[in-house]
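The exercises below concern contacts between chains. Work through each one with the structure at hand.

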Amino acid sequence: MIKVKREKIKIVLPGEVVKVGDIKTTTEVIKLDDKLVSTLIGIPKMKRRRGERVLSVLPLKTPYIPKEGDIVIGKIVDIGVTNWLVDINSPWKAILPISEVLSKPVNVSKIELKDYLNIGDLIVARVIAFDLTRDPLLTIKESRLGKATRGLFLELSSWDWLLLKSKEKTLLRGVKKKANCNIVLGANYRVLMIGKGLEEELKALEIVRETLGRRST
Amino acid sequence: MSRIEHVIPLIKQKTIRALLEKGERLDGRKPMDFRDVEINVGVIDSAEGSAIVNLGNTMVIAGVKLGMASPFPDSPNSGALIVNAELIPLASPLFEYGPPKEEDIEISRVVDRGIRSSKLIDLEKLVIVTGRKVWFVYVDLYALNHDGNLLDACMLAAVSALLTARKPKTRIEGDHIEILDEKEPIPIGNTAISITFAKIGEYVVVDPTYEEELAMDARLTICYDKEGRIVAIQKGGSGYFTSEEVIDLGKKGLEISRKLISKLPTPLSE
Amino acid sequence: MKSKLKLIDESGRRIDGRLLDELRPLRFEVGILKNADGSAYIEQGGNKIAVAVYGPREVHPRHQARPDRALLRTKYRMATFSVKDRKSPTPGRREIEISKVIREALEPALLLEKFPRTAIDVFIEVLQADGGTRCASISAAALALADAGIPMRDLVTAVAVGKVDGRIVLDLNHLEDQYGEGDMPVAMMPSLNAITLLQCDGTFTLEEFKEALELAKKGIGVIYEKQREALRSKYLDALKTYRVI
């Protein structure tokens with residue numbers, strides 16, 4: 001996914017003309033007359049999409065914008081009457097309604113939501129709806145989703161995350177084999193390593209650091 | 001709505017405690033390891049003394065300003081010390097500008113007490129005309145990045161700025177006080193250092209990070225002077241310490257303070 | 001006092017030795033504050049200013065949120081020790097006005113419509129002041145916003161020009177600002193040729209105004225390159241810390 005030779009790296013900055021001409025662009029590039037201008041700090045890329053050339057800028061730093069279908073790692077930060085409020089490291093807090101947690105309908109006056117998920121709990125969830133007019137909506141009603149009862153939790157920069165993501169398969173295999181751990185790469189730049197115990201998880205953390213190719217994470 | 005960002009993931013709390021059981025911490029330190037301290041003095045030309053302190057990722061700046069004023073009525077033969085700490089929003093997404101909050105004022109007052117009780121500044125030597133004009137020493141502190149233990153960082157910054165501060169000389173002719181361009185060090189009599197511990201479950205660590213502060217039950221700050229005497233104490237947080245613990249920490253703190261004192265700048269007046 | 005102080009000597013040098021169209025020494029640093037989403041630091045002459053950006057994030061209080069765009073909030077503050085006589089810690093009217101004009105200088109560059117119902121906060125702390133702090137703050141804030149990954153049409157770059165001993169000069173220092181005949185801060189999105197801040201305090205003829213604006217543009221061009229260099233070098237350095245890219 002990210003394969004750029006170091007000596008050939010070209011970084012563009014906000015306001016910089018990346019190309020001139022009539023080319024399709026993704027949203028981080030704006031058109032001013034025939035100039036194609038980057039709005040972010042990033043690495044310009046030319047892709048082919050359905051036979052057409054598309055110019056994009058791979059951002060070196062960007063807030064997480066939720067997308068339908070994304071698997072995210074969320075933190076319960078507040079409890080409402082019929083839902084939980086979840087911090088998913090995005091500009092908007094996400095909503096987890098009770099109907100996306102429990103399989104059967106319940107009488108909310110008879111249960112305590114905090115008995116299911118409490119403030120500070122981490123969940124692995126899927127974004128089921130989001131547009132700019134409404135807060136992201138989450139579900140944990142699928143296999144592999146739900147509350148994390150243990151694990152080592154990491155928050156990465158968007159670029160570190162992108163790097164890990166580009167090596168996801170190798171990473172998953174390595175962590176499973178060498179550390180006997182599962183690893184979840186949340187689309188929201190968060191990582192959860194879950195093993196039998198802390199020892200295994202610390203080993204997994206080492207592998208993550210090696211994959212990033214540097215010591216600090 | 002509650003201040004949601006204060007929440008530390010529960011499983012991270014578990015990790016912190018599980019590591020402490022093995023005598024380890026998330027950042028690789030042992031429980032009684034202080035983070036690396038870097039002190040730069042004389043960073044602000046417009047201040048009479050200044051220092052930037054980096055304590056791990058915690059960053060604090062201190063500036064000393066002097067002002068001529070009438071002495072307080074109850075101490076006509078003494079200058080005055082005014083310490084003011086501001087946790088400005090550059091330092092943390094949780095901080096806001098506005099009137100000082102409990103946390104800001106607690107830091108100001110503990111730093112003030114440490115400096116005052118140790119007699120770090122000889123306030124009596126800051127009299128210009130007895131009963132009429134004295135120097136007011138303002139120490140203003142700003143948190144620039146908050147990664148835990150702002151109190152010790154503020155103490156280090158305040159003391160470093162004072163040890164290297166200069167005041168203008170004055171000439172008195174009759175009723176007129178002339179402030180000269182020539183400057184001299186402010187009169188220094190001692191030094192002060194604070195050591196903060198955090199109690200997390202049954203474990204105690206020194207110099208907590210922000211995450212450790214979120215996981216801690218109680219906090220204990222002990223200030224020492226250069227003779228190793230205790231000059232100020234402040235217990236914080238909603239948990240408690242046993243009397244055996246506070247005596248033990250008093251001893252451990254002294255050892256740590258001896259190492260830390262060597263990082264302070266040499267006073268200009270020496 | 002005002003008439004006595006000579007700010008430009010016979011050889012056309014200014015009080016700090018600069019030529020009329022010469023900038024003060026200038027240095028930017030990006031990403032200095034770990035907790036902020038984006039940050040920058042500027043030293044311009046004797047100015048030392050730190051800027052932190054948080055967001056886009058949830059708006060508190062909630063009723064301030066805008067349904068169609070992010071709310072941009074700026075706070076410009078001066079440390080008590082940033083000036084010769086200790087400043088009161090409470091913000092004055094000057095700081096409040098400057099906060100507003102800085103916000104309006106930055107706003108045209110930001111694609112705020114991408115983050116409706118959120119807030120972007122820009123916090124500016126002047127640690128040492130030496131004239132032209134609002135301009136230096138704007139140049140640094142633009143870097144902090146870019147560092148936070150906020151989409152921008154262009155960077156924003158600012159400089160003050162002014163009239164000193166009857167001559168139009170670039171990048172006023174504190175003395176020139178205080179004893180000169182006029183001060184004109186200008187901010188632009190340089191590659192769009194768009195002026196986003198323009199103020200003036202003092203007397204200028206229309207001719208002088210034109211000359212001053214041209215000089216500001218020239219200075220802005222130089223500062224813009226320094227801003228770009230600071231961003232590029234920070235991000236290239238960050239990339240180089242990886243073994244493999």
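**Exercise 1.** Describe the charged and polar pairing between chain A and chain C in this predicted model.

*Solution.* Start with one pair: the side chains of A:D135 and C:R117 form a salt bridge, with an N to O distance of 2.7 Å. This lies inside the 4 Å cut-off that defines a salt bridge. The count for chain A and chain C is 4 salt bridges. Next, 11 residue pairs are in polar contact across this interface, both residues at pLDDT 80 or more. On chain A, β3 (29-32), β4 (35-38), β11 (134-139), α1 (158-166) and α3 (198-212) each supply at least two residues of the side that touches chain C. Of the elements, α1(A) gives the most, 3 residues. That side of chain A divides into 21 nonpolar, 7 polar and 13 charged residues.

**Exercise 2.** State how many residues take part in the contact of chain A with chain C, and what area is buried.

*Solution.* Chain A contributes 41 residues and chain C 38. The buried area is about 3,200 Å², and carbon and sulfur atoms give 59% of it.

**Exercise 3.** Describe the contact of chain B with chain C in the predicted model.

*Solution.* Count residues: 28 come from chain B and 29 from chain C. The area buried is about 2,300 Å², with 59% from carbon and sulfur atoms. B:K65, B:L90 and B:Y97 supply 26% of what chain B buries here, more than any other three residues. Then take the charges: the count is 1 salt bridge, and the side chains of B:D140 and C:R86 meet in a salt bridge at 2.7 Å, N to O.

Definitions and conventions:
Residues are numbered from 1 along each chain as its sequence is written. Chains are lettered from A and ligands numbered from 1 in the order in which they are written. This is a predicted model: local features need pLDDT of at least 70, side-chain atom pairs count only at pLDDT 80 or more; totals for chains, interfaces and linings use all residues. Side-chain values use heavy atoms; hydrogens and water are left out. Contact means heavy atoms within 4.5 Å. Buried area is the accessible area (1.4 Å probe) that two parts lose on being put together, summed over both. A polar contact is a pair of N or O atoms within 3.5 Å; within protein, one must be able to donate a hydrogen and the other to accept it, and residues adjacent in sequence count only if both atoms are side-chain atoms. Helices (H or I, at least four residues) and strands (E, at least two) are DSSP runs, numbered from the N terminus. Ala, Val, Leu, Ile, Met, Phe, Trp, Tyr, Cys and Pro count as nonpolar, Asp, Glu, Lys and Arg as charged, and the others, Gly among them, as polar.
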